[in-house]
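Hi,

Here is the structure I said I would pass on. Have a look at it first, and my notes follow underneath.

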Amino acid sequence: EDWYAIDYEGQANYFFLGVWEAADKAEFVLSGNGFGLWEGLIYGSPGAHRLYVMSPRIAIILRRTFLRHPLSRDPSVLYSCLADIPIVPPDVKFADDSILASLEDLDPELSNEIFNAYRSSPKSLDDEFRFVINKLTTEQTYAVNEVIMMNANLHSQGSLTFASHSAMLETLRAYMSSHNTFLGGRRSMFTPLLRDLSSSSPTSASPQATAAPSSPNFDEVVETNADVQLHTLLRYIVRGGVAFPSTYNRAYLVYHMATDIPSLNNPISSKIRSMISRCVSSLPLLLDPPLPQLLHTPSHSHSLTDTLPPDESEIFFSLLDSLIIQCGVGSRSTDVLANIIYDATIIGVTHWMVSNRVDVLIDLLKPWVTILV
């Protein structure tokens, strides 16, 4: 009979609350289902976050308390594009300040029992919570918008509402070039809006609503057979429909499929090429200069193996990670597709090292990994 209390208790115990503010010159977009939208998977089950867009400036987020556990950072456990956006805990003023003092030096289990008893007491109703509004960066604001747009119900009665012409245009441009939307973000549905905003100038600051196309095309827009093949492979990988002997083997294949054909210009290929370029530009500044006798050693005698066993693959990425992170192109996260791109980038950088600094590569990997053939 107290089902509403049980439901409230479940929400309170399984989630903690945060408030996000959009970055300056950016805004949150509003969709018909953007209030209460879930995001992220924990052990394959949905609901790492619940998202409530309140206005173009403010969004409320409920994050699973499990994400406070260190285990949640394992990509095999958590798949989320929002998990890296911080939520500052609230400042709490307890009605009975002595409760905290009484918990000091107690057994953790007993401490939890006492604190839970206090939470259920009438006195706890006078506790005060002050939530800090977290100001997001432009990239973090876009990450929220990407989730909303990828799940927007753009049927004949649907709409996507925005307040700023320029902010929406920048959001659409980022959406069209995102590696996430390449795998099913319904980019074709937003093409008419992008075309209209690109060819027009803002006429007012009042909120605008753009109706969805009457007959949307849910197929991804790809231009070449190579795009289709890469798109298909990545969808199978992300969904667990294809297995590889090792992460190295997978990364090697993705790298070459995404970059071997110069005309490939999809978001995945562009992202991998961009990250490799940034790394290659940074590495000469990070590495010690080669020994004089190595300057005249031909590098064409070496090539990179296309396969590694699982144990050597794990060591390879662990050792290369420490070097790639110094290049400032990011690191591993709870975004499965971003990790696939990151691994492919490491393969591309390793190819460059084989041709230009094989001495560093050998010193870094020996005697644990044999990577040259």
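One thing before the details: this is a predicted model. I'll start with Val92, which is partly exposed because its relative accessibility is 37%. You'll find Val92 in strand β7, which covers residues 91–93. Together with Phe129 and Phe131, Val92 makes a nonpolar patch of about 270 Å² on the surface.

Now for the chain as a whole. There are 373 residues, and 42% of them count as buried. The secondary structure consists of 12 helices and 11 strands. The accessible surface is about 20100 Å², and carbon and sulfur atoms account for 55% of that. If you look at contacts between residues at least 6 apart in sequence, 74% of them join residues at least 24 apart.

On to the inside. In soluble globular proteins, nonpolar side chains tend to be buried together. Here, the largest nonpolar core has 44 residues, and the members that touch the most others are Leu234, Tyr248, Ile272, Phe316 and Met353. Several helices each give this core at least two residues: α7 (225–238), α8 (247–259), α9 (267–286), α10 (310–324), α11 (336–356) and α12 (358–365). Of these, α11 provides the largest share, with 11 residues.

Ile272 is a good one to click on. Leaving aside residues up to four places away in sequence, Ile272 touches Val254, Tyr255, Ala258 and Thr259, and also Ile341, Ala344 and Thr345. There is also a second core, separate from that one, with 32 residues; Ile61, Met168, Met176 and Phe190 are among them.

Last, the cysteines. How many disulfides does the structure hold? Zero. You might stop at Cys327 and Cys279, so here is why that pair doesn't count: the closest cysteine sulfur to that of Cys327 is the one in Cys279, 3.8 Å away, which is too far for a bond. A disulfide would need the two sulfur atoms within 2.5 Å. Cys327 is buried, since its relative accessible area is 9%, whereas Cys81 is partly exposed, with 29%.

If you only have a few minutes, start with the surface patch around Val92, Phe129 and Phe131, then go to Ile272 in the largest core, and finish with the Cys327 and Cys279 sulfurs.

Cheers

Technical notes
Residues are numbered from 1 along each chain as its sequence is written. This is a predicted model: local features need pLDDT of at least 70, side-chain atom pairs count only at pLDDT 80 or more; totals for chains, interfaces and linings use all residues. Side-chain values use heavy atoms; hydrogens and water are left out. Patches are made of residues with over 30% relative accessible area and no salt bridge: like charges are joined within 9 Å, nonpolar side chains (Val, Leu, Ile, Met, Phe, Trp, Tyr) within 5 Å. Accessible areas come from the Shrake-Rupley method with a 1.4 Å probe; for residues, only the protein chains shown count as cover. A salt bridge is a side-chain nitrogen of Lys or Arg within 4 Å of a carboxyl oxygen of Asp or Glu. Helices (H or I, at least four residues) and strands (E, at least two) are DSSP runs, numbered from the N terminus. Buried means under 20% relative accessible area, exposed over 50%, partly exposed in between (1.4 Å probe, protein chains only). Contact means heavy atoms within 4.5 Å. A nonpolar core is a set of buried Ala, Val, Leu, Ile, Met, Phe, Trp, Tyr and Cys residues joined through side-chain atoms within 4.5 Å.
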